[in-house]
Amino acid sequence: MVNKFSSSIQGYNKEEVNNFVKEVTVEYENMLKKLKSSCEIIESLRSELKHYKDIESTLNRAILIAEESTSNIKKAAYDESKVIIEDAKRNATKLLNNALTKAERIESDAESLRRKVAVYKRRFRDLIEDQLDELEQFDDRM
């Protein structure tokens, strides 16, 4: 804003100078208002930035905690699965041993029954033969 003032004997025209000073003052006040408004906006933006940085920091911590928790849960699940598998193997071994023992006992009982049947057959055959002998002797006596 360049202004040329007209001059008179007493110096520059007071009204022109006063109008110019008023314009400069208004312009200065407007610039101060804009500066103050800009400072307020900057401060508000700084506050928002701090808020978002705090949120970012909180989210980063939450992510780290979640990752750590996930890792711990996976490890616990893996450890538990190992225990379950070992228990299952032990139980399977016990069941197998019990089944083998029972099978051996049943086989032994079956063998004992076969021997008893063989003895019973032999005795029954002997008894029948004795009875046949008696019958033949009875026929011979008559």
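Start by selecting D126, E129, D130, D133, E134, E136 and D140, which together form a negative surface patch. A patch takes residues with over 30% relative accessible area and no salt bridge, joining like charges within 9 Å and nonpolar side chains (Val, Leu, Ile, Met, Phe, Trp, Tyr) within 5 Å. For charge, Lys and Arg count as positive and Asp and Glu as negative, while His and the chain ends are not counted. Each charge is placed at NZ of Lys, CZ of Arg, CG of Asp or CD of Glu.

Before moving on, a word on what is on the screen. This is a predicted model, in which local features need pLDDT of at least 70 and side-chain atom pairs count only at pLDDT 80 or more, whereas totals for chains, interfaces and linings use all residues. Residues are numbered from 1 along each chain as its sequence is written, and side-chain values use heavy atoms, with hydrogens and water left out.

**Stop 1: D140**

Keep D140 from the patch selected. D140 sits in helix α1, which covers residues 14-141. Helices (H or I, at least four residues) and strands (E, at least two) are DSSP runs, numbered from the N terminus. Is D140 buried or exposed? D140 counts as exposed because its relative accessibility is 66%. Buried means under 20% relative accessible area, exposed means over 50%, and partly exposed lies in between (1.4 Å probe, protein chains only).

**Stop 2: the whole chain**

Zoom out and colour by secondary structure. The chain has one helix and two strands, and along the sequence they come in the order β-β-α. Turn the model along its principal axes, and the C-alpha atoms fill a box of roughly 195 × 25 × 15 Å. The radius of gyration of the chain is 58 Å, while a compact globule of 142 residues would have one near 14 Å. That radius is taken over C-alpha atoms, and the globule rule is 2.2 Å times the number of residues to the power 0.38.

Now switch on the surface. Of the 142 residues, 1% count as buried. The accessible surface of the chain is about 13,600 Å², with 58% belonging to carbon and sulfur atoms. Accessible areas come from the Shrake-Rupley method with a 1.4 Å probe, and for residues only the protein chains shown count as cover.

Colouring by charge is worth a moment too. There are 26 positive and 28 negative side chains, and the centres of the two sets lie 7 Å apart.

**Stop 3: K75 and D79**

How many salt bridges does the structure hold? It holds six, where a salt bridge is a side-chain nitrogen of Lys or Arg within 4 Å of a carboxyl oxygen of Asp or Glu. Select K75 and D79 for one of them: their side chains meet at 2.9 Å, N to O. Both residues lie in helix α1, four residues apart, about one turn of the helix. K75 counts as exposed, because its relative accessibility is 51%. D79 has 33%, so D79 counts as partly exposed.

**Stop 4: a linked group of charges**

Move along to E107, and show R114 with it. The side chains of these two meet in a salt bridge of 3.9 Å, N to O. E107 is partly exposed, with a relative accessible area of 46%, and R114 is partly exposed at 45%.

Add E111 and R115 to the selection. E111 forms a salt bridge with R115, with the closest N and O atoms 3.9 Å apart. Salt bridges that share partners join E107, E111, R114 and R115 into one network. E111 itself is partly exposed at 33%.

**Stop 5: the nonpolar patch**

Next, select Y120, F124, L127, I128, L132 and L135. They make a nonpolar surface patch of about 600 Å². L135 has its place in helix α1.

**Stop 6: three distances to draw**

Finish with the distance tool, from C-alpha to C-alpha. Begin at R90, a residue of helix α1 that is partly exposed at 47% relative accessibility. R90 and Y78 are 12 residues apart along the chain and separated by 18 Å.

Then go to D109, also found in helix α1 and partly exposed, with a relative accessible area of 44%. How far apart in space are D109 and K22? They are 127 Å apart, with their positions 87 residues apart in sequence.

The last selection is F138, in helix α1. F138 counts as partly exposed at 43% relative accessibility. Draw the line from F138 to K53: they are 85 residues apart along the chain, and their C-alpha atoms are separated by 123 Å.
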